[in-house]
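User: I am new to this entry and would be grateful for a guided introduction. Could the discussion proceed by question and answer?

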Amino acid sequence: MRVIASSIRKGNVIEQDGKLYVVLSAENIHPGKGTPVSQIEMRRISDGVKVSERYKTTDQVEKATIEERNFNYLYQDGDGYHFMNNETYDQIQVPKDVVGSGAAYLQENMTVKLSMHDTTPVAIQLPQRVTLEVVETEPVTKGQTASSSYKPAVLSNGIRTAVPPHIGVGTRIVVLTEDGSYSERAKD
């Protein structure tokens, strides 16, 4: 499906020279003089090479058809991450570079959305929030105000984040997967 370059967004998959690319960032630049352009950074799906392209905003770009499906996370091995389709029980292996930094938040039986082109996984979408346990943090200092003082903590998945002073070791907290920031205390 052909679309104009200015309509390409992060996460889209485009086809160029017979290869698939996932868009990492897309920015429309309107200089005071001259032609407006779309600066698109993308990663080639086949080998993970990053490419930066500049198109006129009116240029036609081939957008690949992507189907999003829910999968359950099973396990990780040397080849990559393994997921199972909830409806057909088919298992699929996803390479490490497709999962990327989201790997730290994967938990057994977690439902994720995989973007598929034919049978190739091209992108993964994690749930917005995950519940993790604090395994290491500093003790509360007496007289510390609770308003703006956050303290460093290490979570059960190895990620470092900042938590409010009342959160101690062993507390389960909800973390945003987008940036690893503290959201709230878990209600379980």
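Analyst: The exchange below moves from the overall fold to the sheets and then to single residues.

User: What does the secondary structure of the protein come to?

Analyst: The model under discussion is predicted. Two of its open sheets, each of five strands, are described further below. Counted over the protein, the secondary structure comes to one helix and 16 strands.

User: What radius of gyration does the protein have, set against that of a compact globule of 188 residues?

Analyst: The C-alpha trace spans about 60 × 50 × 25 Å along its principal axes. For a compact globule of 188 residues, a radius of gyration near 16 Å would apply, but the protein has 21 Å.

User: Which share of the 188 residues is buried?

Analyst: The protein exposes about 11,200 Å², and carbon and sulfur atoms supply 46% of that area. A residue is buried when its relative accessible area is under 20%. Of the 188 residues, the buried share is 39%.

User: Of the contacts with a separation of 6 or more, how much is due to residues 24 or more positions apart?

Analyst: The contacts considered here are those in the protein with a separation of 6 or more. Residues 24 or more positions apart account for a share of 43%.

User: Which are the edge strands of the open sheet with the order β9-β8-β7-β10-β11?

Analyst: Five strands form this open sheet, and their pairing is antiparallel. An edge strand pairs on one side only, and this applies to β9 and β11 (120–125). The twist from one strand to the next averages 45°. The edge strands are thus β9 and β11.

User: Which residue in β10 stands opposite Asn70?

Analyst: Strand β7 (residues 67–77) pairs with β10 in the antiparallel sense, over six bridges. The residue in β10 that stands opposite Asn70 is Lys113.

User: Is Ser115 buried or exposed?

Analyst: Ser115 has its place in strand β10 (residues 111–117). Leaving out residues up to four places away in sequence, Ser115 touches Ile66, Glu67, Glu68, Thr120, Pro121, Val122 and Ala123. Because its relative accessible area is 12%, Ser115 is buried.

User: Which strands lie at the edges of the sheet with the order β14-β13-β12-β15-β16?

Analyst: This open sheet has five strands with antiparallel pairing. Two strands, β14 (160–163) and β16 (182–185), each pair on one side only. On average, neighbouring strands of this sheet are turned by 50° against each other, direction ignored. The edge strands are therefore β14 and β16.

User: Which residue in β13 stands opposite Glu136?

Analyst: Strand β12 (residues 129–137) and strand β13 (residues 151–155) run antiparallel and are joined by three bridges. Opposite Glu136, in β13, stands Val154.

User: What distance separates the C-alpha atoms of Gly180 and Thr161?

Analyst: Gly180 lies in the loop between β15 (172–176) and β16, and it counts as buried because its relative accessibility is 3%. Not counting residues up to four places away in sequence, Gly180 touches Tyr105, Thr161 and Val175. Although Gly180 and Thr161 are 19 residues apart along the chain, their C-alpha atoms are separated by 6.5 Å.

User: Which backbone nitrogen does the side chain of Asn12 reach?

Analyst: Asn12 lies in the loop between β1 (2–4) and β2, and it counts as buried because its relative accessibility is 16%. Leaving aside neighbours within four places in sequence, Asn12 is in contact with Ser7, Tyr21, Val22, Val23 and Lys63. At 2.8 Å, its side chain reaches the backbone nitrogen of Arg9.

User: What is the phi of Asp17?

Analyst: Most residues other than glycine have a negative phi. Asp17 is found in the loop between β2 (13–16) and β3 (19–29), and it counts as exposed because its relative accessibility is 70%. Although Asp17 is not a glycine, its phi is positive, at about 55°.

User: Is Tyr89 buried or exposed?

Analyst: Tyr89 is found in the loop between β8 (80–85) and β9 (91–94). Tyr89 has a positive phi of about 60° although it is not a glycine. Since exposed means over 50% relative accessible area, the 57% relative accessibility of Tyr89 makes it exposed.

Technical notes:
Residues are numbered from 1 along each chain as its sequence is written. This is a predicted model: local features need pLDDT of at least 70, side-chain atom pairs count only at pLDDT 80 or more; totals for chains, interfaces and linings use all residues. Side-chain values use heavy atoms; hydrogens and water are left out. Helices (H or I, at least four residues) and strands (E, at least two) are DSSP runs, numbered from the N terminus. Buried means under 20% relative accessible area, exposed over 50%, partly exposed in between (1.4 Å probe, protein chains only). A polar contact is a pair of N or O atoms within 3.5 Å; within protein, one must be able to donate a hydrogen and the other to accept it, and residues adjacent in sequence count only if both atoms are side-chain atoms. Contact means heavy atoms within 4.5 Å. Axes are lines fitted to C-alpha atoms, for helices over the stretch in contact, and angles run from 0 to 180 degrees between N-to-C directions. The radius of gyration is taken over C-alpha atoms; the globule rule is 2.2 Å times the number of residues to the power 0.38. Accessible areas come from the Shrake-Rupley method with a 1.4 Å probe; for residues, only the protein chains shown count as cover.
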